[in-house]
Amino acid sequence: MDRRNFLKITALTALFGLGSASAYKLLSPDEILASIEGSPACDQLGMVIDMDLFRSKETIENVIEACNKAHNIPIIDNPKHEVKWIWTEKYESAFPDSTSVHLSEDIKAKPFLVLCNHCDHPACVRVCPTQATFKRKSDGIVQMDYHRCIGCRFCMAACPYGSRSFNWENPRNYIKDVNPEYPTRTIGVVEKCNFCVERLERGLKPACVDASEGAVLFGKMNDPESEVRAALSMNYAVTRKTELGTGPNVYYIIGGQEHA
Amino acid sequence: MMIFGKKLNLGVSLRNLGVSLRLIVGVVLMLAALSLSCSKESALGPKPSLDTPAINAMTNKQCVKPAAYMRSNHMTMLNDWRDTVVRGGDRNLGEIDGVIYEKSLQHTCLKCHSNPTEFCDKCHSYASVKVYCWDCHVKPKSEDVNSPKSEDVQSPKSEDVQSPKSEDVKSSNESSDFKSIKQDGQKVEDTKGGEK
C-alpha cells in the first residue's frame, strides 16, 4: 500500500466513524423519549397566563413594572441595548408558528406577556460554556449565576424566545431607584427572568403573579392538584414554539373559558 | 588613639564631640520614632469600624464565625456561600446563639456591617485588594440602613421580603424575618410566624 492509499483509507474510516456516532446520537431512543416525557426536574415550576383575565392594559404594565422594580432592571430606550425580563409581544411575534392571515382583530391587538419559558430542555443551558446558566434539579428553574457569566452570548443565540438580554452598558446608569434587596447586573453579562427564585425562597409568589390580579397562575407542573394544572385541564392552552422541543413551561390561555 | 590604623587626635575629636553627640542622639530618636510607628501599624493595622447600630445593640458581639477566622477566611466563606446559594439553593446558615442566619451578603453581613466604607474598605484599601462585590450587590449607604426600606421599591404584596429593621436584628430570637428554607427552594416554615 502506498502512502496515498493509506491516507485515503484512514480519512474514510475517520469520516465513517464520526458520521455513525452522530447518527446514533440523533436517533438515540433515550433522547427522543426525554423530549416528550416532560421536565426532568421533580417539581418543575410553570406558569399559566390567562390573557382573558387581563382587564386592562394598566394591569399588564403593573406586572412588568413589578418585575422591573423587584430585579433592578435598567430601562434603556435604545432597543439594541434594552434589557427585558418580562415584556409584551403581538400574537404573531409570540406565536409565529400558529398565526394566520385572518386572525381576529381582538387577538391581533392583544399585548401578550412573554418571558423566559424555563424550558424542560433549555437550549441556553446546553450551549453555556461556563455553566453560568443551569437548570435547577429541584424545581426546574433555569437560573443564571451572574458571577460565572463571561458574556459570550451563546445563550442568546440559542434561546428561541429572545428571553435573554445582554448588558451593553452599565445598567446602574439606567435604574432610577435601585432596590437594595436584589443585586443589579454589570456590563458584559447576560440576564433573564429567574421566576423570582429569591421570592420563592421566602415563600412568596413571583412578583408578576402578585401584580397580575389573578391573570397569571404559578405552580408545580407535575402536580395534578396544582392551580396551574387545574387551569390547564379546564382550558385550551398553548405554549410558544412548541415544535422546537424545548418544552416551555409558560402556557397561554388565549381564547378564554368557553374554549374548555 | 588608633582606630582602623589611623591616629586620631583626641583633642580635635573632643572639639567635635558636641556635634557628634547631637547627631547620634538625633539618629537614635529618629529610629525610635520610626520603629514605634512601624510596630504600631503592624500590631494594629487598619481599624475597621464596628460602630453600627446593629452591632452596638448586640450583647454578645459575635459574627457568624470567630473574628480571627473571618479576618483570614471571609473571602473563601463568601465564595462558598455564593456557590451553595446560587447553585444549590441552600440559604440556610443554621442557628448561632439562638439566631437563625441566612447565607446572604445583603441580608446577613450588611445588616450588622451596615458601614462597608468604614468596615470593608478600611482593610481592602490598606491591602490594595479591590472589592468587586459592589459592582452588582448594592452597597448600603450607612444612613439608609437604619431606616426600613421604602415600600415603593417592591411590588404591592412584597413588604414581607423587606429586610428586618435594625431593631429586629438586635434581639436574638426575633432577629430576622428569614424563614427556614429547604433545599428545593420552597418555604418550609416561618420562624417569626403570622407575619404574612
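**Exercise 1. Find out which elements of chain A the buried residues of α3(A) pack against.**

Solution. Start with the helix itself in this predicted model. Helix α3 of chain A runs over residues 57-70, so look for 14 residues there. From first C-alpha to last, α3(A) reaches 20 Å, close to the 20 Å expected at 1.5 Å a residue.

Next, pick out its buried residues: Ile60(A), Val63(A), Ile64(A), Ala66(A), Cys67(A), Asn68(A), Lys69(A) and Ala70(A). Here's a handy rule for reading such a list: an α-helix has 3.6 residues a turn, so residues three or four places apart point the same way.

Now look at what these buried residues meet. They pack against β2 (86-89), β3 (112-115) and α9 (207-211) of chain A. Before moving on, step just past the end of α3(A): Asn72(A) has a positive phi of about 50°.

**Exercise 2. Work out which residues touch the most other members of the largest nonpolar core, and which element gives the largest share.**

Solution. This core holds 58 residues, and the ones touching the most other members are Val63(A), Cys67(A), Ile86(A) and Cys208(A). Then ask where the core comes from. Two or more residues each are given by β1 (45-50), α3, α4 (91-94), β3, β5 (142-144), α9, β8 (216-220) and β10 (250-253) of chain A. The largest share, six residues, belongs to α3(A).

Zoom in on Cys208(A) to see some of this at work. Leaving out residues up to four places away in sequence, Cys208(A) touches Val63(A), Ala66(A), Cys67(A), Ile86(A) and Val216(A).

**Exercise 3. Describe chain A as a whole: its elements, its burial and its domains.**

Solution. Count the elements, and you get ten helices and ten strands in chain A. For burial, 43% of the 260 residues of chain A count as buried. For contacts, take those between residues at least 6 apart in sequence: 66% of them join residues at least 24 apart. Finally, the domain assignment splits off domain 1 (1-37) and domain 2 (40-259) in chain A. Taken over C-alpha atoms, the centres of these two domains are separated by 38 Å.

**Exercise 4. Decide whether Met77(B) is buried, partly exposed or exposed.**

Solution. First locate Met77(B): its place is in helix α3 (residues 67-88) of chain B. Then count neighbours: 15 other C-beta atoms lie within 10 Å of Met77(B). Buried needs 20 or more and exposed needs 12 or fewer, so Met77(B) comes out as partly exposed. As a last check on distance, find His113(B), 36 residues apart from Met77(B) along the chain; their C-alpha atoms are separated by 16 Å.

Terms used
Residues numbered from 1 in each chain as written. Chains lettered and ligands numbered in written order. Predicted model: local features only at pLDDT ≥ 70, side-chain atom pairs only at ≥ 80, totals over all residues. Helix = DSSP H or I, 4+ residues; strand = E, 2+ residues; numbered from the N terminus. Contact = placed C-beta atoms within 7 Å. Expected span 1.5 Å × (residues − 1). Domains from an automatic or database assignment. Core = buried A, V, L, I, M, F, W, Y, C linked by C-beta atoms within 7 Å.
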